[in-house]
Protein chains: 2
Amino acid sequence: MDIGNDTGRAADSVVAMLEAKIVSGELENQTPLPAERELMEQFGASRTVIREAISKLSSRGLIETRPRFRPIVRKPDYATVLHACGNVVQHLLTERSGIKNLYDSRVFIERALVREAAVAARKEDIVNLKTALEDNRQAIPDSQEFYRTDVAFHGVLYRIPRNPIFPTMHEGYTSWLAPQWDRMLRSPERNEVNYLAHKAILDAILERDPVAAEEALTNHLKAAWEFVRVTFDWGDE
Amino acid sequence: MDIGNDTGRAADSVVAMLEAKIVSGELENQTPLPAERELMEQFGASRTVIREAISKLSSRGLIETRPRFRPIVRKPDYATVLHACGNVVQHLLTERSGIKNLYDSRVFIERALVREAAVAARKEDIVNLKTALEDNRQAIPDSQEFYRTDVAFHGVLYRIPRNPIFPTMHEGYTSWLAPQWDRMLRSPERNEVNYLAHKAILDAILERDPVAAEEALTNHLKAAWEFVRVTFDWGDE
DNA sequence: GTGAAAGTTTGGTCATACCAAAGGTAACTC
DNA sequence: GAGTTACCTTTGGTATGACCAAACTTTCAC
């Protein structure tokens, strides 16, 4: 098991081999990687190379590293993609335009989602939506809890297409789009407003009216953006 | 300029500092990074640490590294996010379900895009679509060229919302969803079919008929998928 | 001025060493 | 004997210093 070509990056070979062992399951998921000194023997490479490989795997989300602990193998999944993006996305969000773009894309996606829901939601989806809405209603007095149920309600919409990519996107939106807004700018009054918005969306879905659903969703998210914008005294959009 | 805390990762401090210098522009975009031995002096760290930092920055897409050359500074943009995702996404595409999910999400997005186009396309968008379609028509005999114009036509749709996130997604779809399918499975006959599908989409947009546009787009992409599926003799979807 | 040759810089890799924290073990307390 | 504590070993984080080959510069010949 030696390292074939040498175009100036032995670490990449190690990365590739470890990558293969991870996806193949030879290195079991959630299991700590062998010690560095053992890997260097295994691959016939210096510790320098091994460490670089580990660093790269970490950046790619294939292993989880804590400061002084053994890296933990993590088989790549959709959340891994999110994790990999996160590092970079944060830079784009330092400018207002970046936040706006991300938020707009969310509105765009969710508009399509509620439209989809209105025409294609199954019985179970409807049940989930109703449950989520009820949880939402009951949480109105508790802003902390309301935030959670708010996210959960939208989350149901993302699960309707039964494509794991959408819940992943949802997770991205909620984790990147300044959760601090939502958590901090809440009050029972605003919670009530948002609950009613959710109810309007669900009502339109129950009516199987995609146009109304999309409109209700759009109003909901636009209003939320407007509230944030005004509160933080940002200029025009 | 020493390294403050020490929770077991001096490299991260260096990463953070370099990161700051990159986003602030102190390290100009498209400019080579200082030599490693210079950086170690600048940050008072060993070469080990400097190299690890460079590796991390590379993984995050903030610098571009070629085997034996100085890393080139690259201010993070939307393409950088794509780049960061790409490494991981590829793992999800080894399974058929991953490909299917990605393709379905593309269909979902484009459905929403053509709908948007039908109701909100501006004059310039229409012009761009017409031009792209005409290019597409003229390229029918040349499959290589047809592929290019095909991608370009869809690309116009992604630019209509004027949100850079969408063109980025488009780039992701075209680069991840097996370009080899599109490039290899083409023939003037199929090109003709696809051209007509594009024309149907544009016609619906010109009619300002979102329902018809969405339907035309859906048929187009579903047919393309079906063709690939049958050609590669995959089982049911 | 142009291209080749010689010299210098610099990235990639290795070997070695040290430290401090994590992990494990044996002794020790109650 | 369960729970501590003291101690020893392993192992990740970092620093040095060295060497090579490829990239970069300068020199020099024509």
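**Close-up views of DNA strand D and the two protein copies**

**View 1. Polar contacts to DNA strand D from chain A.** In this predicted model, a polar backbone atom of Glu36(A) lies 3.1 Å from a phosphate oxygen of DNA strand D; a polar contact is a pair of N or O atoms within 3.5 Å. A polar backbone atom of Pro67(A) is 2.3 Å from a phosphate oxygen of the strand. The side chain of Arg47(A) places an N or O atom 2.9 Å from a base nitrogen of DNA strand D.

**View 2. Elements near DNA strand D.** Helix H2 (36-43) and helix H3 (47-59) of chain A and helix H3 (47-59) of chain B each give two or more residues to the surface near the strand. Helices are DSSP runs (H or I, at least four residues), numbered from the N terminus. H3(B) gives the most, with three residues.

**View 3. Residues around DNA strand D.** A residue is near the strand if one of its heavy atoms lies within 4 Å of it. Among the 18 residues around DNA strand D, those that come nearest are Arg51(A), Pro67(A), Arg70(A), Ala10(B) and Ser46(B). Of the strand atoms within 4 Å of the protein, 63% belong to sugar and phosphate.

**View 4. Chain A laid on chain B.** A turn of 180° with a shift of 0.0 Å along the axis lays chain A on chain B with an RMSD of 0.2 Å, superposed by least squares on the C-alpha atoms of residues with pLDDT of at least 70 in both. The two copies are thus related as by a two-fold rotation axis.

**Notes.** Residues are numbered from 1 along each chain as its sequence is written, and chains are lettered from A and ligands numbered from 1 in the order in which they are written. Local features need pLDDT of at least 70, side-chain atom pairs count only at pLDDT 80 or more, totals for chains, interfaces and linings use all residues, and side-chain values use heavy atoms, with hydrogens and water left out.

Methods: Polar contact = N/O pair within 3.5 Å; in protein donor to acceptor, adjacent residues only side chain to side chain.
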